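Please walk me through this structure. Begin with a single loop residue, then widen the view to the whole chain.

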Amino acid sequence: MIVVAGEALIDLVPQGSGALADLKPALGGGPYNTALALGRLGSRTAFCSRTSYDAFGEALLDGMRRAGVDVSEVQRGPEPTTLAVATIDASGSAAYSFYVDGTADRLFTAPTALPAGTRAVSFGTCSLVLEPGASAYEELMRAAAGQGVFTALDPNIRAGLIPDADGYRARFKSWLPSVTLLKLSAEDAEWLGGTPREWLAAGPAAVVVTRGGEGLTVFTRDGAEYSVPGEKVAVVDTIGAGDTVNAALLHGLSAQDALSEEALAALGVQGWTRLLRFAARAAAITCSRAGAEPPYAAELGGL
């Protein structure tokens, strides 16, 4: 079981150009997209979050169920669903404005135990910023790491939601001893102001940096560095691309029985290159279609 912990929200995606273009609601949120992609790839997956009883909340859970994701541990509440309004630039890259005050996912509380058979837990995005839920997710991360569970983190920085940038950077560093695999974009790395080698020294066994169409690079604790190029594709938008990378990495590691620090250290150039290429293919498919629509296993083939 791979557990994905974090927010589920509704992306409002423009259907044309200009500030007043029609907006189409789409299921989203970094952790939600990661869980959805894992389910579509065939990994046994559970979602750990808090969603609204409103129509958007029901649609989010229905999307999970269709992908085969276990939602039995999802908490519910009467508060509204978080909304994210996307803006798509000429290259297909997305930026977001958020409506988060008083929404359901902010009131998440840490569960007393993870689902039976949990081998990995993934964290990231808004859920680690917005209190009081952020502290609850942090509590879950530290508890999972303390139990020896493989932990993955994608900070997926949304600067507009972070009122105290330096405070968040310090908090990010405090998470690193509890992280097994850190994945982040080159833009996130620049915003955070550190380097993969600095982060590795603080705890993670491996750091994967994505560079959009230029590809992915992994840095490992033994000093190795492996890169693969991006897959060429006509980009519709980049919504969910990084989340798809998260899912592909976790799915691939699970398929290789490599969800541990020791197994990561043993992957070597062949294992990492195969895994990164798989993640690049998966992300390219997501970029080739509108909204966060990660691929199914049949679209990718094996590692």
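T125 is buried, because its relative accessibility is 5% and the cut-off for buried is under 20%. This is a predicted model. T125 sits in the loop between β9 (120-124) and α3 (133-146). Its phi is near 65°, a positive value in a residue other than glycine. Which residues does T125 touch, beyond those up to four places away in sequence? They are E7, G30, P31, D154, P155, N156 and R158. Take P31 from that list. T125 and P31 are 94 residues apart in sequence, yet their C-alpha atoms are 7.2 Å apart in space.

N156, another of the residues that T125 touches, also has a positive phi. The value is near 45°, and N156 is not a glycine. N156 belongs to the loop between β10 (150-154) and α4 (165-175). Its relative accessibility is 12%, so N156 counts as buried.

Return to the loop between β9 and α3, where P132 is also found. The peptide bond leading from E131 to P132 is cis. Its omega is near 5°.

Now turn to a helix. L249 lies in α7, which covers residues 241-255. Is L249 buried or exposed? At 1% relative accessibility, L249 is buried. What surrounds it, once neighbours within four places in sequence are set aside? L249 is in contact with L181, K183, V208, L275, L276 and A279. One of these partners, V208, is 41 residues away along the chain. The C-alpha atoms of L249 and V208 are separated by 9.5 Å.

Next come the charged pairs. How many salt bridges does a search of the whole structure find? The search finds 13. One of them joins R40 and E293, with the closest N and O atoms 3.0 Å apart. R40 lies in helix α1 (residues 30-41), while E293 is in the loop between α9 (268-287) and α10 (297-300), so this pair ties together parts that are 253 residues apart in sequence. R40 is buried, at a relative accessible area of 14%. E293 is partly exposed, at 34% relative accessibility.

R76 and E58 form another salt bridge. Here the closest N and O atoms are 2.9 Å apart. R76 is in strand β6 (residues 75-77) and E58 in helix α2 (residues 55-66), so the bridge ties a strand to a helix across 18 residues of sequence. Both ends are partly exposed: R76 has 22% relative accessibility, and E58 has a relative accessible area of 31%.

A further salt bridge brings together the side chains of E261 and R221, at 3.1 Å from N to O. This pair links distant parts of the chain, 40 residues apart. E261 is in helix α8 (residues 261-266), and R221 is in the loop between β13 (216-220) and β14 (225-228). E261 counts as partly exposed at 35% relative accessibility. R221 is partly exposed too, with a relative accessible area of 45%.

Some salt bridges share partners. They join E131, E138, R142 and R171 into one network. E131 has appeared before: the cis peptide bond runs from E131 to P132.

Step back to the whole chain. Its secondary structure comes to ten helices and 14 strands. The radius of gyration is 18 Å, close to the 19 Å that the globule rule gives for 303 residues, so the chain is as compact as a globular protein of that length. Along the principal axes, the C-alpha atoms fill a box of roughly 50 × 45 × 40 Å.

How much of the chain is buried? Buried residues make up 56% of the 303. T125, N156, L249 and R40 are among them. Contacts reach far along the sequence. Among contacts between residues at least 6 apart, 69% join residues at least 24 apart.

Last, the surface and the charges. The accessible surface of the chain comes to about 12,400 Å². Carbon and sulfur atoms account for 53% of that area. The chain has 23 positive and 33 negative side chains. How far apart do the centres of the two sets lie? They lie 5 Å apart.

Note on methods
Residues numbered from 1 in each chain as written. Predicted model: local features only at pLDDT ≥ 70, side-chain atom pairs only at ≥ 80, totals over all residues. Heavy atoms only, no water. Helix = DSSP H or I, 4+ residues; strand = E, 2+ residues; numbered from the N terminus. Rg over C-alpha atoms; globule rule 2.2 N^0.38 Å. Buried < 20%, exposed > 50% of the residue type's maximum accessible area, 1.4 Å probe, protein only. Contact = heavy atoms within 4.5 Å. Areas by Shrake-Rupley, 256 points an atom, 1.4 Å probe, with all protein chains shown as cover. Lys, Arg positive; Asp, Glu negative; His and termini not counted. Charge placed at Lys NZ, Arg CZ, Asp CG, Glu CD. Salt bridge = Lys/Arg side-chain N within 4 Å of Asp/Glu carboxyl O.
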